[in-house]
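Thank you for making time for this. I would like to walk through the charged pairs first and the nonpolar core afterwards, with the structure in view.

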Amino acid sequence: MLRLSGRHLPDPDAHSGPFPQPPLGAGHLSVEYGHSPGAVREARADVRRRLEDWGLAEHGEVADVAELLVGELATNALVHARSRFRLTLFAAHGVLRCEVTDSEPRAPRVLDAGTRENGRGMLLVDALAQRWGCHREGPGKTVWFELGTCGSDGCGRRRPSGGSP
């Protein structure tokens with residue numbers, strides 16, 4: 001069952017910069033997509049295919065949620081940035097990190113979409129991701145989210161700082 005994070009703001013440490021490179025042997029994908037109507041469908045299919053290749057599609061809802069949220073971020077890139085976008089996936093240490101980079105410098109916001117037909121993308125990211133954030137990337141930005149991949153409670157989650165492990 002999906003657990004909602006209940007957060008209404010991104011992780012406070014999310015703006016510290018890009019994600020460090022994963023260790024050797026970890027999963028990695030980086031693909032650029034054009035500004036075209038089929039780009040979101042292609043990105044979602046690439047996520048599904050890559051997670052299947054990495055053996056992560058059998059892990060409950062990880063692939064479904066990753067595919068959904070990447071679709072939302074890719075749609076935001078096409079609609080708001082009106083540009084090409086780059087999808088980057090990292091899988092290591094029980095965490096799947098998905099990033100979408102576009103040319104729009106403004107950070108996304110979680111909106112109360114109410115009964116509108118659109119505006120729910122970041123609300124879904126906020127509700128379903130373990131962590132998410134945004135950082136500047138040249139003239140644009142990168143929006144990212146993380147999901148746990150090992151199926152156990154707390155897998156892929158950061159430990160609180162300043163205490164015993």
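**Charged pairs and the core**

Let me start with Arg106, which is exposed at a relative accessible area of 58%, where exposed means over 50%, buried under 20% and partly exposed in between, computed with a 1.4 Å probe on protein chains only. Please keep in mind that this is a predicted model, in which local features need pLDDT of at least 70 and side-chain atom pairs count only at pLDDT 80 or more, while totals for chains, interfaces and linings use all residues. Residues are numbered from 1 along each chain as its sequence is written, and side-chain values use heavy atoms, with hydrogens and water left out.

Which residue does Arg106 pair with in a salt bridge? The partner is Glu104, with the closest N and O atoms 2.8 Å apart, and Glu104 is buried, at 13% relative accessible area. By salt bridge I mean a side-chain nitrogen of Lys or Arg within 4 Å of a carboxyl oxygen of Asp or Glu, and a search of the whole structure finds 11 of them.

A second pair is Asp102 with Lys141, whose side chains meet in a salt bridge at 2.8 Å, N to O. Asp102 belongs to strand β3 (residues 95–102) and Lys141 to strand β5 (residues 140–148), so this pair ties together parts that are 39 residues apart in sequence; helices (H or I, at least four residues) and strands (E, at least two) are DSSP runs, numbered from the N terminus. Both ends count as buried, Asp102 at 9% relative accessibility and Lys141 at 6%.

A third salt bridge joins Glu67 to Arg44, with 3.8 Å between the closest N and O atoms. This pair links distant parts of the chain, since Glu67 sits in helix α2 (residues 62–81) and Arg44 in helix α1 (residues 39–53), 23 residues apart. Glu67 is buried at 15%, whereas Arg44 is partly exposed at 29%, and the two belong to a salt-bridge network with Arg48 and Asp64.

Turning to the core, the largest nonpolar core holds 35 residues, of which Phe85, Leu87, Leu96, Val125 and Phe145 touch the most other members; such a core is a set of buried Ala, Val, Leu, Ile, Met, Phe, Trp, Tyr and Cys residues joined through side-chain atoms within 4.5 Å. Helix α2 gives the most to this core, with 10 residues. Finally, leaving aside neighbours within four places in sequence, Val125 is in contact (heavy atoms within 4.5 Å) with Leu69, Leu73, Trp132 and Phe145.
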